[in-house]
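Here is a short briefing for a first look at this structure. Keep the sequence and the 3D view open as you read.

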Amino acid sequence: PQRVLADPGGVSRARIDVVRKMLGLGPATAQMLADGMEAAAADVATGLRFVHDHASEFGADPSRIIAGGFSAGGISALYAVLAYGAPANALIVLSGRFEAPDIPRYMRDARQPPILQFV
């Protein structure tokens, strides 16, 4: 899929290396982190498109689909909707954020859905 991270080498490390060490794994490379974020966002975008396109089969209203998540899930939801253009009418994001260089790239359109975000 398309790449959406402006600076794949600058993805914040946060807690990943601590968790990997607990699992007996070495530190993640910048490429591993970027590839994982890109893949997760693409997967969430695909899922949102599927739910939107099949909403009537689920008895759902496609105009009321909201995306969201906690931590990595929130990051994936933000990128899926704002970078990949997946259909959602709002975002609820807990402890998730864009990477700094991506904020001006994706947080600029007045037509984007409302976002409730707790960092």
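The points below cover the sheet, the nonpolar core and two single residues.

This is a predicted model. Three strands form an open sheet with parallel pairing. Helix 4 lies across strand 1, strand 2 and strand 3. The largest nonpolar core holds 28 residues.

**The sheet**

- The strand order is 1-2-3.
- Strand 1 (66–70) and strand 3 (115–118) stand at the edges. Each has a single partner strand, so one side of each is left without a neighbour in the sheet.
- From one strand to the next, the twist averages 5 degrees.
- Strands of a sheet pair through backbone hydrogen bonds.
- Five bridges join strand 1 and strand 2 in the parallel sense.
- Gly68 has Ile92, in strand 2, as its bridge partner.
- Helix 4 runs at about 150 degrees to strand 1.

**The nonpolar core**

- Seven positions touch the most other members of the largest core: Leu48, Ala67, Tyr79, Val81, Leu82, Leu91 and Tyr106.
- Helix 2 (30–53), helix 4 (72–83) and strand 2 (90–94) are the elements that give two or more residues to this core.
- Helix 4 supplies the largest share, eight residues.
- Ala67 has contacts beyond its neighbours within four places in sequence. These partners are Leu48, Ala77, Val81, Ala88, Ala90, Leu91 and Ile92.

**Leu94**

- Leu94 sits in strand 2.
- Is Leu94 buried or exposed? Its relative accessibility is 35%, so Leu94 counts as partly exposed. Buried would need a value under 20%, and exposed a value over 50%.
- Leaving aside neighbours within four places in sequence, Leu94 is in contact with Gly69, Phe70, Ser71 and Phe118.
- Asp7 is 87 residues from Leu94 in sequence. In space, the two are 23 Å apart, C-alpha to C-alpha.

**Arg20**

- Arg20 belongs to helix 1 (residues 16–22).
- Which side chain of opposite charge is nearest to Arg20? That side chain is Asp17, 4.9 Å away.
- A salt bridge has to be within 4 Å. Arg20 has no salt bridge, yet Arg20 is buried.
- Not counting residues up to four places away in sequence, Arg20 touches Leu25, Gly26, Pro27, Ala28 and Met32.

Definitions and conventions: Residues are numbered from 1 along each chain as its sequence is written. This is a predicted model: local features need pLDDT of at least 70, side-chain atom pairs count only at pLDDT 80 or more; totals for chains, interfaces and linings use all residues. Side-chain values use heavy atoms; hydrogens and water are left out. A nonpolar core is a set of buried Ala, Val, Leu, Ile, Met, Phe, Trp, Tyr and Cys residues joined through side-chain atoms within 4.5 Å. Buried means under 20% relative accessible area, exposed over 50%, partly exposed in between (1.4 Å probe, protein chains only). Helices (H or I, at least four residues) and strands (E, at least two) are DSSP runs, numbered from the N terminus. Contact means heavy atoms within 4.5 Å. Two strands pair if DSSP finds at least two bridges between them. Axes are lines fitted to C-alpha atoms, for helices over the stretch in contact, and angles run from 0 to 180 degrees between N-to-C directions. Lys and Arg count as positive and Asp and Glu as negative; His and the chain ends are not counted.
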